[in-house]
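Subject: Handing over a structure, with notes

Hello,

I am passing on the structure we talked about, and below it I have written out what was found in it. Please read the notes with the structure open beside you.

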Amino acid sequence: MSSAMLKRVTMYGIAAAALGAAAMSAHATVYTATLSGAIEAPPNDSPGTGTITLDFDVATHTMTIDVTFSGLLAGTTIAHIHCCTAEPGTGTAPPATQVPTLTGFPAGVTFGTYSRTFDTLDATTWNPAFITASGGTAADAEAAFLAGLDGGRAYLNLHTEFAPGGEIRGFLQPVPEPATFALLALGAPVVLVAARRRRAK
């Protein structure tokens, strides 16, 4: 094999490895959403806003939920994540996480923060009805919930005295890991250079 051919094979190998690794890491473990009344079903005019970051670690079976919110028209009553709607970003679904509310979520306030880590193989993390609907075990609920997260069919809903059905909510969306962008940045130029050289010949 000539040195030119060897160099070409090496370039293709690097590109393939980079793109392959990027594809494998594209399964995001972090999900975010912005909460508002306009996203509720039905929508409302609440000036309340909020954000949620959810870190789902499949390897350790843990889920960390971080929430900030402010400007609600009345005090919070309950909060949970619902899953899974029929279509991404729209519709309603029953609560997937524990009921009547997430453990330790602040009640009776119009602003606040929340941070807690849950064991996703612990049945108490989930709404019993969600476990039953998912297959009967906490592991089934974990898998169904993760599929809903990846599909944009899960949302955090903050219920208040002003809106018992939910004052603000937001559909969680996956955030690609930084490594994905780095690997794509490495692999894509190599593929483009190789393709231009082939066309030139």
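Before the notes begin, one definition is needed: two strands are said to pair if DSSP finds at least two bridges between them. Please also keep in mind throughout that this is a predicted model.

The chain as a whole

The chain holds 4 helices and 8 strands, and when they are read from the N terminus on, the elements run α-β-β-β-β-β-α-α-β-β-β-α. Of the 201 residues of the chain, 38% count as buried, while the accessible surface comes to about 10,000 Å², of which 64% belongs to carbon and sulfur atoms. If you take the contacts between residues at least 6 apart in sequence, 65% of them join residues that are at least 24 apart.

Strand E6 and its partners

A useful place to start looking is strand E6, which covers residues 154-160. E4 and E6 run antiparallel and are joined by 7 bridges, and within this pairing His80 stands opposite Asn157 in E6. E6 is also joined to strand E7 (residues 168-171) by 4 bridges, and these two strands run antiparallel as well; here Leu156 has Gly170 in E7 as its bridge partner.

How many of the 7 residues of E6 are buried? The count is 7 of the 7, so E6 is largely enclosed by the rest of the structure. Both of its faces are covered, with Ala154, Leu156, Leu158 and Thr160 buried on one side, and Tyr155, Asn157 and His159 buried on the other.

The nonpolar core

The largest nonpolar core has 32 residues, and those with the most contacts inside it are Ile52, Leu54, Ile65, Ile81 and Phe145. Several elements give two or more residues to this core, among them strand E2 (49-57), strand E3 (62-70), strand E4 (76-83), helix H3 (138-150) and strand E6 (154-160). The largest share, 5 residues, comes from H3.

Ile65, one of the residues named above for its contacts, lies in strand E3. Why does Ile65 count as buried? The cut-off for buried is under 20% relative accessible area, and Ile65 is buried because its relative accessible area is 0%. Leaving aside neighbours within four places in sequence, Ile65 is in contact with Ile52, Thr53, Leu54, Ile81, Leu102, Tyr114, Ser115, Arg116 and Phe118. Tyr114 shows how residues apart along the chain can meet in space, since Ile65 and Tyr114 are 49 residues apart along the chain and their C-alpha atoms are separated by 7.5 Å.

The disulfide and the cis peptide bonds

A disulfide is a covalent bond between the sulfur atoms of two cysteines. The count for this structure comes to 1 disulfide, which is formed by Cys83 and Cys84, with their sulfur atoms 2.0 Å apart. The torsion about the S-S bond of Cys83 and Cys84 is about 75°, so the disulfide is right-handed. The peptide bond from Cys83 to Cys84 is cis, with omega near 0°. At 4% relative accessibility Cys83 counts as buried, whereas Cys84, with a relative accessible area of 25%, is partly exposed. Cys84 lies in the loop between E4 and E5.

Pro100 is also found in the loop between E4 and E5, and a cis peptide bond joins Val99 and Pro100, with omega about 10°.

Two further loop residues

Asn127 sits in the loop between E5 and H2. Is Asn127 buried or exposed? At 10% relative accessibility, Asn127 counts as buried, and once its neighbours within four places in sequence are left aside, Asn127 is in contact with Pro95, Ala96, Thr97, Gln98 and Val99. Val99 is thus a residue you have already met, in the cis peptide bond to Pro100.

His61, in turn, is placed in the loop between E2 and E3. Its phi is near 55°, which is a positive value in a residue other than glycine, and with a relative accessible area of 25% His61 is partly exposed.

With best wishes

Technical notes: Residues are numbered from 1 along each chain as its sequence is written. This is a predicted model: local features need pLDDT of at least 70, side-chain atom pairs count only at pLDDT 80 or more; totals for chains, interfaces and linings use all residues. Side-chain values use heavy atoms; hydrogens and water are left out. A nonpolar core is a set of buried Ala, Val, Leu, Ile, Met, Phe, Trp, Tyr and Cys residues joined through side-chain atoms within 4.5 Å. Buried means under 20% relative accessible area, exposed over 50%, partly exposed in between (1.4 Å probe, protein chains only). Contact means heavy atoms within 4.5 Å. Accessible areas come from the Shrake-Rupley method with a 1.4 Å probe; for residues, only the protein chains shown count as cover. A disulfide is a pair of cysteine sulfur atoms within 2.5 Å.
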